[in-house]
Amino acid sequence: MGSEGPKSVVIHVSGFKKFQGVAENPTETIVKNIKGFVEKKELPACLTLGSCTVLETAGDGARPALYKTMDSGVSTTDSTTNEQVVWLHLGVNSGALKFAIERQAINEATFRCPDEFGWQPQQLPIIAEDGGTSRARETSCSTEAIHKILKKKGYDVAISDDAGRFVCNYVYYHSLRFAEEKGHKSLFVHVPLFSRVDEETQMRFVASLLEAIAATC
């Protein structure tokens, strides 16, 4: 079929800063430290860890920074190569005891509290051109296959169809739409607090997640 061997995968990772009720966001720590962590491991030859960005926990006000990050991921990609770009977004679910792979995002912003820029939308479409607040966008990543790999490695992880209606869902919806337009992929994964699942386990989980994404692209 004209395939030139395994596809090269570049994964750009983002997390969030603190927000109301979460003074220390584990995803900020993970994203800041993941490059150093994976350098100690032997990553698959086809996998490159791209940018690692910590975003403000905000919707509309932080949107330019989100698009700047995603745009830079595309501009560094050589269109002549067989390269797949994936945007992996990490967010915290402070009530969770396990990891959750989010299958979809909904076109609705209903923030339970103001974001870090003071914005608190209620039942607003995230992207008006997409229609109403019931519109969903699904990831083109192989969530079932990724889940299977991570379970086999012993991680307590589930597949979720509800990323909430706060900033995590807001960012994921924008990212899924952008990725679809560019012919690439986006995935959101929720992690627990470090008090529920310790930092070392979460670092190992994210490293395994990167490998699982690359293996299933």
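Student: How far apart are the end C-alpha atoms of helix α5 (residues 199–216), and what span should its 18 residues have?
Tutor: This is a predicted model, in which local features need pLDDT of at least 70 and side-chain atom pairs count only at pLDDT 80 or more, while totals for chains, interfaces and linings use all residues. Residues are numbered from 1 along each chain as its sequence is written, and side-chain values use heavy atoms, with hydrogens and water left out. Helices (H or I, at least four residues) and strands (E, at least two) are DSSP runs numbered from the N terminus, and the expected span of a helix is 1.5 Å times one less than its number of residues. For α5 this gives an expected 26 Å, which agrees with the distance between its end C-alpha atoms, 26 Å.

Student: Which residue caps the N-terminal end of α5?
Tutor: The cap involves the backbone nitrogen of Glu-200, which has a side-chain oxygen 3.2 Å away. The residue that supplies this oxygen is Asp-198.

Student: How many of the 18 residues of α5 are buried?
Tutor: Buried means under 20% relative accessible area, exposed over 50% and partly exposed in between, computed with a 1.4 Å probe on protein chains only. Ala-215 lies in α5 and is exposed, because its relative accessible area is 60%. The helix is nevertheless mostly covered, and the number of its residues that are buried is 14.

Student: Which strands are the edge strands of the six-stranded open sheet?
Tutor: Two strands pair if DSSP finds at least two bridges between them, and the six strands of this sheet, whose pairing is mixed, follow the order β2-β1-β3-β8-β4-β7. An edge strand here pairs on one side only, which holds for β2 (47–55) and β7 (157–160).

Student: About what angle does the direction of α5 make with that of β3?
Tutor: Axes are lines fitted to C-alpha atoms, for helices over the stretch in contact, and angles run from 0 to 180 degrees between N-to-C directions. Contact means heavy atoms within 4.5 Å, and α5 packs on the sheet by touching β1, β2, β3, β4, β7 and β8. The angle between the directions of α5 and β3 is about 150 degrees.

Student: What is the handedness of the β-α-β crossover from β1 through α1 to β2?
Tutor: β1 and β2 pair in the parallel sense over seven bridges, and Val-10 has Thr-48 of β2 as its bridge partner. A crossover is right-handed if, with the strands pointing away from the viewer, the path from the first strand over the helix to the second runs clockwise. The chain crosses from β1 through α1 to β2, and this crossover is right-handed.

Student: Is Arg-137 buried or exposed?
Tutor: Arg-137 is found in strand β6 (residues 136–138), and, not counting residues up to four places away in sequence, it touches a set of residues including Arg-103, Asp-130 and Tyr-173. Its relative accessibility is 9%, and Arg-137 therefore counts as buried.

Student: With the side chain of which residue does the side chain of Arg-137 make a polar contact?
Tutor: A polar contact is a pair of N or O atoms within 3.5 Å; within protein, one must be able to donate a hydrogen and the other to accept it, and residues adjacent in sequence count only if both atoms are side-chain atoms. At 3.2 Å, the side-chain partner of Arg-137 is Glu-180.
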